[in-house]
Amino acid sequence: MEFKYIAIGLCLILAGFLLLKEWQRANKARRIWRLLSSSVAALCFALFIFPISYQVEKPERPHELNLLSTGVSKDTLDKLKGRLLTTDARLHQSLKLPKLSLIADLPYFLKSKPEINHLNIYGYGLNADELPALKDHQLSFHPSEIPKGLISANWNSRLKSSETLAIQGLYNQEGALPVKLLLQGLGENLDSLIMKTKGENTFSLKGRPRQTGRAVYHLIALQGKDTLAKEPVPIEVQPAMPLKILLLAAHPDFEYKFLKNWLFEKQYPLIFRSRISKDKYSTDFLNTENTNVSRINSSLLNKIDLLLIDEEELGALSGAELAAIRKAVDAGLGLMVRITGLKATTGISKGFERYESPELKNKTLTIQLPEQNRLFGPLPAEQAVFLRTADDAQPLLTEKTGKVLAGSRISGMGKVTATVVPATYHWLLNGQARDYSDFWSTLLTATARKAASAERWTIDPAVPTIGQRINITVDLDAQQKVPLISRNGFRLSPLQNIELPFQWQVSSWATEPGWNKVSLNGRNEFFYVYGEQDWQQQRNMTKLKATSAFVKEQENTSSRLETNVLITKQVSMWWFFLPFLMAITFLWYETKML
C-alpha cells in the first residue's frame with residue numbers, strides 16, 4: 001500500500017480520536033470551539049504532509065536556440081545557457097566549446113527542426129544570403145560593437161587609362177594615436193592622409209594609375225610603426241579607345257599645331273580643318289580616311305566622337321551647321337569649345353559664363369586637377385579670363401586658387417566642355433609632356449561620346465571571398481539568344497529573367513583566389529576573389545547592418561511566437577502552520593487556564 005494512503009488513514013484516525021475525546025470530556029463548556037480547533041489542527045497537520053498544489057499557465061518559448069557568429073565576446077559566451085550553434089567553421093574551431101555545434105546548412109537544419117521558433121543571434125550576424133532562411137522565426141539580435149579599422153570602402157575598379165582611381169570609405173579609429181592611410185600601387189605611393197579623431201572617420205584617396213591591365217593596389221593603415229591593415233585594391237585599367245576627333249580652327253596657331261601632332265602620335269583618328277578665308281579651308285586627315293568637311297552636317301558628326309572647336313570658328317558656322325551640332329550633341333556627341341574672349345558669340349557658348357580677373361596679370365598660370373589636388377607645372381601665360389561656377393556645370397580644371405579654367409555640362413545624351421586656357425604647348429617646350437598629356441586626356445575623356453557596350457554585367461556579392469557563392473548577372477542590349485558564358489574555362493548555364501527577358505544570371509562558387517576570368521559571348525572580363533582575411537572588418541560591418549535591418553523588419557511584420565505551458569506550484573506551508581499553531585495554542589490555553 002502506498003505511503004500516501006497510510007498517512008491519510010493515520011490522519012483520519014488522529015482526527016477522529018481528538019474529536020471523540022473532546023466530545024466525551026466532562027466539562028462541556030466551549031465544546032464547539034474545541035471541536036473546531038481540533039479539526040483545524042488535524043487538517044493542517046495533514047497538509048504538512050501533503051501540501052496543496054495548483055497549476056498556472058505561463059507564456060514560454062521552449063524551443064529556443066543561440067546562434068553564434070563572428071565577433072561574439074567571451075563574456076557573452078560565459079552567460080549563455082541552452083544550445084549553442086554556429087554556421088562559421090573557423091569560429092567553431094577557434095572557440096572549441098563542447099556544447100557548440102557546427103551547422104553546415106542553416107536552411108536545411110531549420111527545416112528539419114520545425115519545433116524551433118526562436119533564435120538568439122550573437123556577434124556580427126549573418127551574411128545577406130543566409131538571412132532569408134530565418135524569415136519564419138522569431139529573432140533576437142545581440143550585436144557586438146562596431147568593428148575597428150577599415151569598415152567601409154568603395155572604388156572604381158574598372159577605369160580607363162586617362163581616368164583617376166578614387167577610393168572612399170569609413171575608418172573606425174581606436175585609441176588616441178593618429179592613423180595614416182596610404183594608397184600604394186606598384187611600389188608607388190599615390191595618396192595619403194592622417195586621421196586624428198577617434199571614432200568613425202570618412203576618407204578619400206585618389207591617384208592616377210600609370211599602367212594598363214590588371215593590378216592589385218593596397219590600402220594601408222599605419223599607426224606609428226605598426227601596420228594595422230593592408231587591404232588589396234584590385235583594379236583593371238583599360239587602354240582608352242582611340243576617339244574619332246574633328247578639330248575646327250578659325251586660323252592655325254601653335255596650340256593647334258602641337259595638339260594635332262600629339263593626337264597623331266597617340267593614334268587618334270583626327271580630321272583637322274583650318275579656315276583660310278570665308279569658304280576656303282586647309283584640311284588634314286590623320287589616322288583616318290579622307291571625307292568631305294566643307295559643310296558640317298549630321299552625317300559627318302555621327303561618325304566622330306568629339307568635336308573640338310574655338311569660339312571664333314563656332315560663330316562663323318551657318319545656322320544649319322549649328323543646328324546639326326546641337327542635334328548631334330543631344331544624341332551623344334562630345335563638344336569642346338576653346339574660349340578666349342569675355343563675350344559669348346553663339347548660343348552654344350552662352351551656357352558658360354565668364355569673367356575677368358586682373359589678379360593674375362603678369363603672373364604665370366598654375367593649373368590643378370580638383371579631384372587629385374595635383375598641381376601642374378607653371379605656364380608662362382597671362383590668364384585673365386575664367387569661368388563662373390554653376391550648379392549644372394562640373395569644374396574639370398582649376399587655377400591653384402580655385403578659379404575654374406575648364407568646365408563641363410550635360411546636354412541631352414552628350415556633354416559640352418569649355419576651356420579658357422590659351423596655350424598649353426609650353427609644357428611640351430619645357431619637357432613637361434606628362435602635364436600636357438594629363439591636361440588633354442582629362443578634357444577628352446570627360447567630353448567624348450561614351451561607347452555603348454553590347455553586354456553589361458555585375459557580380460554579387462561585390463566583394464566575393466573564397467568558398468562563397470557568386471551570382472553573375474548579364475544585361476544584353478535587347479532580347480537575344482542565350483548568351484555564351486564561361487568562367488575560368490568552364491561553361492555555365494544561364495537562367496533567363498522571366499520579367500526582364502534581356503537579363504540572364506548564372507551562379508558559381510569562388511574557388512580560386514585572385515583574378516578570375518569570365519567570358520561573355522567570346523569577350524573576356526575579369527573579377528577578383530578575395531582571401532578569407534581580406535577586408536574582414538568591412539565584411540563584418542556589412543553583416544552587422546544586414547542582420548540588424550532584417551531583424552528589425554521581422555519585428556515589424558511577425559507576431560511573437562510563444563507557447564502557453566502549465567506550471568505546478570505549491571501553496572506556502574506558512575498558510576497551514578499559523579492556523580495549526582493557533583489551534584493547538586487555544587486547546588492548551590483552554591485546558592490549563594480556563
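In this short talk I will go through one predicted model, taking helix 9 and the cores before turning to the sheets and a few single residues.

Let me begin with helix 9, which covers residues 319–330. At 1.5 Å a residue, its 12 residues should span 16 Å, and the C-alpha atoms at its two ends are 17 Å apart, which agrees. The buried residues of this helix are Glu321, Leu322, Ala324, Ile325, Ala328 and Val329. When one looks down the axis of helix 9, these buried residues fall within an arc of 160°, so they line one face of the helix. The face turned away from that buried side carries the exposed residues Gly319, Ala320 and Lys327.

What do the buried residues of helix 9 pack against? Their partners are helix 7 (298–301), strand 18 (306–310), helix 8 (311–316), strand 19 (334–338), strand 25 (404–411) and strand 26 (414–419). Just after helix 9, Gly332 takes a positive phi of about 130°.

One of those buried residues brings us to the cores. The largest nonpolar core has 66 residues, and of these Leu301, Ile325 and Ile367 touch the most other members. The largest share of this core, six residues, is contributed by helix 11, residues 433–447. If we set aside residues up to four places away in sequence, Leu301 touches Leu246, Ile296, Leu307, Ala324, Ile325, Ala328, Leu333 and Arg449, and Ala324, Ile325 and Ala328 in that list are buried residues of helix 9. Apart from this core lies another, of 25 residues, among them Leu150, Leu181, Ala221 and Ile235. As general background, nonpolar side chains in soluble globular proteins tend to be buried together.

Now to the sheets. An open sheet of five strands has the order 8-14-13-10-11, and its pairing is mixed. At its edges are strand 8 (158–160) and strand 11 (188–195), each of which pairs on one side only. On average, and with direction ignored, neighbouring strands of this sheet are turned by 30° against each other. Strand 10, residues 179–185, pairs with strand 11 in the antiparallel sense over seven bridges, and Val179 stands opposite Met195 in strand 11. In the loop between strand 10 and strand 11 we find Leu186, which has a positive phi of about 55° although it is not a glycine. Is Leu186 buried or exposed? Leu186 has a relative accessible area of 61%, and because exposed means over 50%, Leu186 counts as exposed.

Within the same topic, Glu236 has its place in strand 14, residues 226–238, and is buried, with a relative accessible area of 9%. Leaving aside neighbours within four places in sequence, Glu236 is in contact with Ser157, Arg158, Leu159, Gly213, Arg214, Trp515 and Phe526.

Trp515 and Phe526 lead on to a second open sheet, since strand 33 is residues 514–520 and strand 34 is residues 523–529. Four strands form this sheet in the order 30-29-33-34, with antiparallel pairing. Strand 30 (490–492) and strand 34 stand at the edges, each with a single partner strand, so one side of each is left without a neighbour in the sheet. Strand 33 and strand 34 are joined by seven bridges, and the bridge partner of Ser519 in strand 34 is Asn524.

In the loop between strand 34 and helix 12 (536–557) lies Trp535, another residue that has a positive phi, of about 50°, although it is not a glycine. At 1% relative accessibility, Trp535 counts as buried.

There is also a hairpin to point out, formed by strand 16 and strand 17 with five residues between them. Six bridges join strand 16, residues 270–275, to strand 17, residues 281–286, and the two run antiparallel. The bridge partner of Arg273 in strand 17 is Thr283.

I will close with two loop positions. Pro461 is found in the loop between strand 27 (455–460) and strand 28 (469–476), and the peptide bond that leads from Asp460 to Pro461 is cis, with omega near 5°. Gly351 lies in the loop between strand 19 and strand 20 (354–356) and, at 35% relative accessibility, counts as partly exposed. Gly351 and Leu177 are 174 residues apart in sequence, and their C-alpha atoms are 50 Å apart in space.

Terms used. Residues numbered from 1 in each chain as written. Predicted model: local features only at pLDDT ≥ 70, side-chain atom pairs only at ≥ 80, totals over all residues. Heavy atoms only, no water. Expected span 1.5 Å × (residues − 1). Buried < 20%, exposed > 50% of the residue type's maximum accessible area, 1.4 Å probe, protein only. Arc of directions from axis to C-beta. Contact = heavy atoms within 4.5 Å. Pairing = 2+ DSSP bridges. Core = buried A, V, L, I, M, F, W, Y, C linked by side-chain atoms within 4.5 Å. Axes fitted to C-alpha atoms, helices over the stretch in contact; angles between N-to-C directions.
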